[in-house]
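Dear colleague,

I am handing over the structure we spoke about, and I would be glad if you could look through it alongside the notes below.

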Amino acid sequence: RPLCLTLKRKINIEEVESSEKIKNDSNVNKKFPKKNLSEEEKREQRLAALEAAENRKNEWDNKLKRNKQKFKNDQALKQSEESSNEINPITSKVIDECKNKEKETAQKLGYDPYKAKFLNHNEARNFAVDEENPMDDIFSIKDEEKEEAMEYLESIDLGFSSIISYGDRSSSITTFETIEKLLVNMSLKKEEKFRKIRLANPGFSNKVGSVPGGLDILLLAGFELMADDDDSFIYYCLDLEPVPLRIRAVLSRLNATKKILQES
């Protein structure tokens, strides 16, 4: 077949396909026309988003209550089992020997390496055994608070899992670092501007608000959903002196999770 006829046929086919594509695009635009929302419709959208977030908060609160009751039941069962079991004399002797060795080791080192210590990322980065870290008293979890802190951890882990499942490793780390910065700045600087976060703020929305689990973590930390005639926002109403256990529990878990992501 002559080359000119082949090229002509090819050009005609491309023209037909192009015209069909333009026609289809115009049909799509007619079927789904862009709509300019009125102020009332925008307000209804904000209220709908606020209601959805409030429902999620209630679900977290209910789950937290169930976890708290389950934790208490498990502790009571554990104590009952421990009290009902008699310790073998030989086992008791071995335990005492181990405890004595631990005390001797702690005396030689000058500190107790067996004692658990909860640190946020700033403490972990600057911490040294032979130096006192001033951040310890601010964000550490005291021994008498550990039982209460455990009640938050399962819900916090669920929120973190949602964040990690949503995006890649880099975006997840960005979300965690943004949450960390918001909580640390508010806790340390104690300025009113750090207590209020607009949900429509582009930086917050892209890094935290639009990420599943991001807003839920802040609600677990103690923020509350609010709205006025112009905007929707979250606000921290709790006293920041001392730093609430909710915040310290989130930061403690966040630091460990972020470290795993960075090393993976």
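What follows covers a pair of helices and then two single residues.

This is a predicted model, in which local features need pLDDT of at least 70 and side-chain atom pairs count only at pLDDT 80 or more, while totals for chains, interfaces and linings use all residues. Residues are numbered from 1 along each chain as its sequence is written, and side-chain values use heavy atoms, with hydrogens and water left out.

Helix 7 (residues 169–189) and helix 10 (residues 245–263), both taken from DSSP runs (H or I, at least four residues) numbered from the N terminus, pack at an angle of about 150 degrees with their axes 10 Å apart; the axes are lines fitted to C-alpha atoms over the stretch in contact, and angles run from 0 to 180 degrees between N-to-C directions. The two helices are therefore roughly antiparallel to each other, a term used for angles over 145 degrees.

Glutamate 145 lies in the loop between helix 5 (136–139) and helix 6 (146–166), and it is buried (under 20% relative accessible area, 1.4 Å probe, protein chains only), with a value of 17%. The side chain of glutamate 145 makes a polar contact with the side chain of arginine 248 at 2.7 Å, where a polar contact is a pair of N or O atoms within 3.5 Å, one able to donate a hydrogen and the other to accept it, and residues adjacent in sequence count only if both atoms are side-chain atoms.

Lysine 196 is placed in strand 1 (residues 196–198), strands being DSSP runs of E with at least two residues. The C-alpha atoms of lysine 196 and tyrosine 236 are separated by 6.7 Å, although the two are 40 residues apart along the chain.

Best regards

Methods:
Angles under 35 degrees count as roughly parallel, over 145 as roughly antiparallel, 65 to 115 as roughly perpendicular and the rest as oblique. Buried means under 20% relative accessible area, exposed over 50%, partly exposed in between (1.4 Å probe, protein chains only).
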